[in-house]
Amino acid sequence: MADRDTTGGWLWHLRAFFRRRQWNPTTELIAEWLDGVQPAHRELLLIGGSAGWMMSSRWLQQFERVVLIDIDPYAPTLFRWNHGRALKQSSTRLEFLQCDALLDLGALLNTYPNASIFFDNLLGQHVYRVPDFDRAENDLNKIAQRLAGRDWGSVHDLFSGPADPNTLPAKPIMSFAATQSALGSNVDGVTGTPLHRRMLDQVGGVDEWMDHVTSGVFPLGTKTRLIAWPFVPTYVHWLQAGWVSAASSNQ
Ligand SMILES: C[S@@+](CC[C@H](N)C(=O)[O-])C[C@H]1O[C@@H](n2cnc3c(N)ncnc32)[C@H](O)[C@@H]1O
């Protein structure tokens, strides 16, 4: 794993603050999806939580303890600014650990054996932190194995690219069971159109798109939801959100 901090910090906070309104439909869709997730534990490791710009306070309120994990030292102050009041209402304790969660994943899992784990929009950025594409993909393909027996979920970039702003707003969600891989030969059962084509059409995707090499993150068969995130009107990310319960993560 690399040491470059290209995924968070002040630039992320400024963007997220000023684009909050434009990102709100995506944030709402993530919150709606989270409402349907029932974590097994009352303790949460929130990995890459940053300031929780796109996180649902409502969902966090069910936990007794949230351990926010990020390489960004500004994360806890801004996270409290966004979610402090809600967490106080639900008597949820918030703690912060500054570390590279992918490097230290083994130690974190041992230290918190009774925690659910949520990767909050960080796995899709791994490719920016590790200069070698194959290595990034290889690291990500091992995540499910490293989390075997644990209750965990993730929302992450699947792919992203330029889009025709006139096509927006996109119809933002599709659900599918990842029987093969997120981008591979999945075919929409209704129309027979390849999934990637449908996704591009929905957001007016043009030119060259980037694969965030996350399509092997979830174990095969995990039911996931795809959520469009117009980062700016001319550049869209497709996020994939999924949850793997402890029982199924053992398979
Ligand atoms: C796109 S931002 C996610 C933002 C956050 N989920 C929100 O709603 O504001 C990605 C975050 O992951 C953090 N991050 C990236 N790689 C990390 C790693 N290996 N360990 C811990 N944090 C990491 C970055 O510092 C950044 O805050």
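Biologist: What do S8 and S9 form, and how many residues are between them?

Modeller: S8 and S9 form a hairpin, with two residues between them. This is a predicted model, in which local features need pLDDT of at least 70, side-chain atom pairs count only at pLDDT 80 or more, and totals for chains, interfaces and linings use all residues. Residues are numbered from 1 along each chain as its sequence is written.

Biologist: How do you know that S8 and S9 pair, and in which sense do they run?

Modeller: Strands pair if DSSP finds at least two bridges between them. S8 and S9 (residues 235–244) are joined by eight bridges and run antiparallel. Ile227 stands opposite Leu239 in S9. Strands here are DSSP runs of E, at least two residues long; helices are runs of H or I, at least four, and both are numbered from the N terminus. The protein chain has ten helices and nine strands.

Biologist: Why is Ser50 called buried or exposed?

Modeller: A residue is buried with 20 or more other C-beta atoms within 10 Å of its own, exposed with 12 or fewer, and partly exposed in between; C-beta atoms are placed from the backbone. Ser50 has 27 such atoms within 10 Å, so it is buried. Ser50 lies in the loop between strand S1 (43–47) and helix H3 (57–60). Its phi is positive, about 50 degrees, although Ser50 is not a glycine.

Biologist: And why does Ser91 count as buried or exposed?

Modeller: Ser91 has 8 C-beta neighbours inside 10 Å, so it counts as exposed. Its phi is also positive, near 55 degrees, and Ser91 is not a glycine. Ser91 sits in the loop between helix H4 (75–89) and strand S3 (93–98).

Biologist: What class does Ser248 fall in, and why?

Modeller: Ser248 has 13 other C-beta atoms within 10 Å, so it is partly exposed. Ser248 belongs to helix H10 (residues 246–249).

Biologist: What makes strand S4 mostly covered?

Modeller: Five of the five residues of S4 (residues 116–120) are buried. In a regular strand, side chains alternate between the two faces of the sheet. Both faces of S4 are covered: Ser116, Phe118 and Asp120 are buried on one side, Ile117 and Phe119 on the other.

Biologist: Which strand runs parallel to S4, joined by four bridges?

Modeller: S1 does, over four bridges. Leu46 stands opposite Phe118 in S4. S4 also pairs with S5 (residues 152–162) in the parallel sense, over four bridges. There, Ile117 has Trp152 as its bridge partner.

Biologist: Which residues touch the most other members of the largest nonpolar core?

Modeller: A nonpolar core is a set of buried Ala, Val, Leu, Ile, Met, Phe, Trp, Tyr and Cys residues joined through C-beta atoms within 7 Å. The largest one has 55 residues, and Ile30, Leu44, Leu45, Leu46, Ile47 and Ile227 touch the most other members. S9 gives the largest share, six residues. Ile30 is one of the buried residues of H2, alongside Thr26, Leu29, Trp33 and Leu34.

Biologist: How do you know that helix H2 bends, and where?

Modeller: The bend is the angle between axes fitted to the seven residues ending at a residue and the seven starting there. For H2 (residues 20–35) it is about 35 degrees at Thr26.

Biologist: Which residues come nearest the ligand?

Modeller: A residue belongs around the ligand if its C-beta atom, placed from the backbone, lies within 6 Å of it. Of 24 such residues, Gly8, Gly48, Ser50, Trp53 and Met54 come nearest. Helix H1 (9–18) and strand S2 (65–70) are the elements giving two or more residues to this shell.
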